[in-house]
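Student: Hi! I'm new to this one and would like a friendly walk through it. Can we look at it together?

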Amino acid sequence: MRPSDTAPVGVLQTVGRTPLVELTRFDPTAPFRLFAKLEAHNPGGSIKDRSALELLCGAIGEGRVIPGRTVVVESSSGNLGIGLAQACGYFGVRFICVVDPRANRQNIAIMRALGAEVEVVTTVDPVSGEYLPVRIRRVREIIAGTEHAYCPDQYANPLNPRSHHATMREICEALPGGPDYLFCATSSCGTLRGCAEYARERRLPVTIVAVDAEGSVIFGREPAPRLIPGHGAAVRPALHQDGLADTVVHVSDLDCVVNCRRLAHREAILAGGSAGAVLAAVQRLGDRIPAGASCAVILPDRGERYLDTIYDDHWVATHFGDVAHLWKQHGPVTEEATCRS
């Protein structure tokens, strides 16, 4: 899948082949089995390491990126930026990442520690009120003004979903015959499309559930403010295709917080915000899942990058009020809270 002359070496050899573990304590009353793909075990800490490596190796193999000459420029909310910073640093490629104020401070610090140059846009798009259109425009400006610049374009590049054929293959190898349900968070739609392509090319009998954020426009809803980065988008990505998912579930920021904290309390797994989103979707659809079915959820990244937000009691109380009882109770989240910010 990757060009042979740019096959991953060194630390990049450890991208992929992440563990799949059964979650037996998250909801002990569930009649189905729940398995989690722990993408935090990638060297850069997230599933975006897969995309970053495929995008960069593909560009090097095609001559679009020449180490020591090319400047790679990309927009990211954090995780892809870290993956590209790591891969570009290893191959000796200059990398500029454009982020916005919603990017976690730790993510920005990691990118810079790996040698990336990080530019933070601070204004929102006047039409959508979102940062993403501004980030994309800034990437284009940098490319136009920088000699030998190249943008991998995670939102449209087919190498992004191709990298996730391996993600789905690994899940199927760990669960012979494949899962009955796959829950996948959406942003660039790379993971969703790659897993769906793999499953449908092989006619696997799996129900694919796309998990999106409330306030995201990917599946045709109106844009609205969101607190937690990593899933959802203010602009529908070019990789999106109708019919990729059998079911779409939209989850709130509170859903993410509660299920991340529940996962930490019950399974001792510290995962990022979109992990809480996919687990909230499992809870939402739990009554429709047949007894004995196997469900796989992809947990995209590490929770350490959310210690100042999701896992900070003061931050949670500021935005949602006193909600700690929601992750300490048993069963699905049924209580509602409104955002105070």
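Tutor: Happy to; we'll talk through the cavities, a pocket and a few single residues of this predicted model.

Student: Let's start inside. How many cavities of 30 Å³ or more are there?

Tutor: The count comes to two. The largest cavity holds about 470 Å³ of space, and the second largest cavity holds about 40 Å³.

Student: Which residues are closest to the centre of the largest cavity?

Tutor: Those are Ser-77, Ser-187, Gly-230, His-231 and Gly-232, out of 37 lining residues.

Student: And which element gives the most to that lining?

Tutor: That is α7, with three residues. Four elements each supply at least two residues of the lining: α2 (79-91), α4 (132-145), β7 (181-185) and α7 (190-201).

Student: How does the lining of the largest cavity divide into nonpolar, polar and charged?

Tutor: You'll find 15 nonpolar, 15 polar and seven charged residues there.

Student: OK, now the second largest cavity. What lines it?

Tutor: Its lining is made of Ser-77, Gly-78, Asn-79, Asn-107, Pro-229, Gly-230, Asp-301 and Tyr-306. By type, two of these are nonpolar, five are polar and one is charged. You may recognise Ser-77 and Gly-230, which are also among the residues closest to the centre of the largest cavity.

Student: Moving on to pockets. How much space lies in the second largest pocket?

Tutor: About 300 Å³. The pocket has 18 lining residues, and Asn-104, Arg-105, Arg-305, Asp-308 and Thr-309 lie nearest its centre. Two elements, α3 (105-113) and α10 (313-320), give two or more residues to this lining.

Student: What kinds of residues are in that lining?

Tutor: Nine are nonpolar, four are polar and five are charged.

Student: Switching to single residues: where does Arg-266 lie?

Tutor: Arg-266 sits in helix α8, which covers residues 253-267.

Student: Is Arg-266 buried or exposed?

Tutor: Arg-266 is buried, yet it has no salt bridge.

Student: Why does Asp-27 not count as a salt bridge partner for Arg-266?

Tutor: Asp-27 is the nearest side chain of opposite charge, but it is 5.5 Å away. A salt bridge needs the side-chain nitrogen and the carboxyl oxygen within 4 Å, so a pair beyond that is not counted.

Student: What does the side chain of Arg-266 reach, then?

Tutor: The backbone oxygen of Phe-26, at 2.7 Å.

Student: What comes after helix α8?

Tutor: Ala-268 is in the loop between α8 and α9 (273-285). Phi of Ala-268 is near 60 degrees, which is a positive value in a residue other than glycine.

Student: Is Ala-268 buried or exposed?

Tutor: Ala-268 counts as exposed because its relative accessible area is 71%.

Student: Which other residue has a positive phi, near 55 degrees?

Tutor: That would be Asp-153, again a residue other than glycine. Asp-153 lies in the loop between β6 and α5. With a relative accessible area of 30%, Asp-153 is partly exposed.

Student: And where does Cys-151 lie?

Tutor: Cys-151 is in the loop between β6 (149-150) and α5 (159-163). Cys-151 counts as partly exposed because its relative accessibility is 22%.

Student: How far apart are the C-alpha atoms of Cys-151 and Arg-140?

Tutor: They are separated by 8.4 Å, with the two residues eleven apart along the chain.

How values were computed
Residues are numbered from 1 along each chain as its sequence is written. This is a predicted model: local features need pLDDT of at least 70, side-chain atom pairs count only at pLDDT 80 or more; totals for chains, interfaces and linings use all residues. Side-chain values use heavy atoms; hydrogens and water are left out. Buried means under 20% relative accessible area, exposed over 50%, partly exposed in between (1.4 Å probe, protein chains only). Lys and Arg count as positive and Asp and Glu as negative; His and the chain ends are not counted. A polar contact is a pair of N or O atoms within 3.5 Å; within protein, one must be able to donate a hydrogen and the other to accept it, and residues adjacent in sequence count only if both atoms are side-chain atoms. On a 1 Å grid over the protein atoms alone, a cavity is a set of points where a 1.4 Å probe fits but cannot get out, and a pocket is an open set with protein on both sides within 12 Å along at least five of seven lines; lining residues have an atom within 4 Å of a point. Grid points are joined across faces, edges and corners, and a volume is the space filled by probe spheres set on the points. Ala, Val, Leu, Ile, Met, Phe, Trp, Tyr, Cys and Pro count as nonpolar, Asp, Glu, Lys and Arg as charged, and the others, Gly among them, as polar.
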